[in-house]
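Hi,

Here's the structure I said I'd pass along. Have a look at it first, and my notes are underneath.

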Amino acid sequence: MSIIAIDLGGTRIKTGIIADGAVGELSITEISINDGLSQYLPLLKERITYLRQYSDSIDGIAIAFPGLVDTNRNIVIGNSGKYNDACTLDLVGWAQKEFGLGLLLENDARLACLGEWKYGAGQGFSDMVMCTLGTGVGSSAIIHNKILRGKHYQAGILGGHSIIDFNNMEDKCSCGNYGCVEATASTWMMGKLAKRHPLFSESKLCRLPVIDLQAIFRESLAGDELAVFLRDHCMKAWGIGLINLIHAYDPEVVVIGGGIIHSKEIILPYFRKIIEERAWCASGMPEIRAAHYPDSAALLGTTTLFTKRSNE
Ligand SMILES: [Zn+2]
């Protein structure tokens, strides 16, 4: 089986050809998140045309989308400021007209979860939660070997929008609400949190053009007091968010992905500790593991869309 897979990230578009459980010809393009999807269709057409030459038998095209996807009708039904025109585009018709190929859509966090479950850190488990930490906070769950979608295709994937700071009506989340995990601890909130802290003017962060999670983890290792504070603030928010996911979905394993997994030596022991201390798990704690494919799990997960749709 060969699939042309496209992962529409908030700031990057990844494309590749998936065959035998591996990603080939991976390409990553940095993009501006506020532009609609239609303007990237020429880029996608170019990439798909390029990738087609690597296989005589392409089974189809799959798109991992950062929003709500109705997998029954195979359309995007909701987004949160990313690719705002996606709900109005006929992507299936576009793929058929341009390439004569079928196209399947699914939420990106679900595909990352399926990718890690089938090929990575979740292999061999029947019940799994995946949480991606970075630009935003994504989640997804597999229960009894079946990916969770729910009546309106939003089950499991809104873990980043579980509310952990209910008195906060100041920091608006990408979803429009307040106090979500993502509004408390994600890359896009770091600059705002740093600048209003009393230690900002004496922190190294104040001299950086971009204050993101990478900078915060790097400076915290160098002993910067504000960076340590922000790092601990984020880890606590994520840890509490993970406990909410564990209480909701009762997994055997929790797989952590996203850019922050490069700091796994710091975050995984912290998560194990806070879950041990604060989660209600009468039959033992779930395993906490790092994703095996933090950069390509969603692409790998697209193979499950083209096999029997019983992983649903
Ligand atoms: Zn939110």
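The buried residues of H8 pack against quite a list of elements: strands S8 (128-133), S11 (253-257) and S12 (287-290), plus helices H6 (213-221) and H7 (225-249). Bear in mind that this is a predicted model.

H8 itself covers residues 264-278, 15 in total. From first C-alpha to last, H8 reaches 20 Å, close to the 21 Å expected at 1.5 Å a residue. Its buried residues are Ile 267, Leu 268, Phe 271, Ile 274 and Ile 275. Looking down the axis of H8, these fall within an arc of 135°, so they line one face of the helix. Turned away from that buried side is a face with the exposed residues Glu 265, Lys 273, Glu 276 and Glu 277.

Now to H6, one of the partners of H8. Buried there are Leu 213, Ala 215, Ile 216, Phe 217, Glu 219 and Ser 220. The buried residues of H6 pack against H7 and H8, and also against helix H5 (187-195). After H6 comes Gly 223, which has a positive phi, near 90°.

One more spot to check is Asp 7, in strand S1 (residues 2-8). Asp 7 is buried yet has no salt bridge. Which side chain of opposite charge is nearest to Asp 7? That's Lys 14, 4.3 Å away, where a salt bridge would need a side-chain nitrogen within 4 Å of a carboxyl oxygen. Leaving out residues up to four places away in sequence, Asp 7 touches Arg 12, Ile 13, Lys 14, Ala 64, Asp 108, Ala 298 and Leu 299.

Cheers

How values were computed: Residues are numbered from 1 along each chain as its sequence is written. This is a predicted model: local features need pLDDT of at least 70, side-chain atom pairs count only at pLDDT 80 or more; totals for chains, interfaces and linings use all residues. Side-chain values use heavy atoms; hydrogens and water are left out. Helices (H or I, at least four residues) and strands (E, at least two) are DSSP runs, numbered from the N terminus. The expected span of a helix is 1.5 Å times one less than its number of residues. Buried means under 20% relative accessible area, exposed over 50%, partly exposed in between (1.4 Å probe, protein chains only). The arc is that of the directions from the helix axis to the C-beta atoms. Contact means heavy atoms within 4.5 Å. Lys and Arg count as positive and Asp and Glu as negative; His and the chain ends are not counted.
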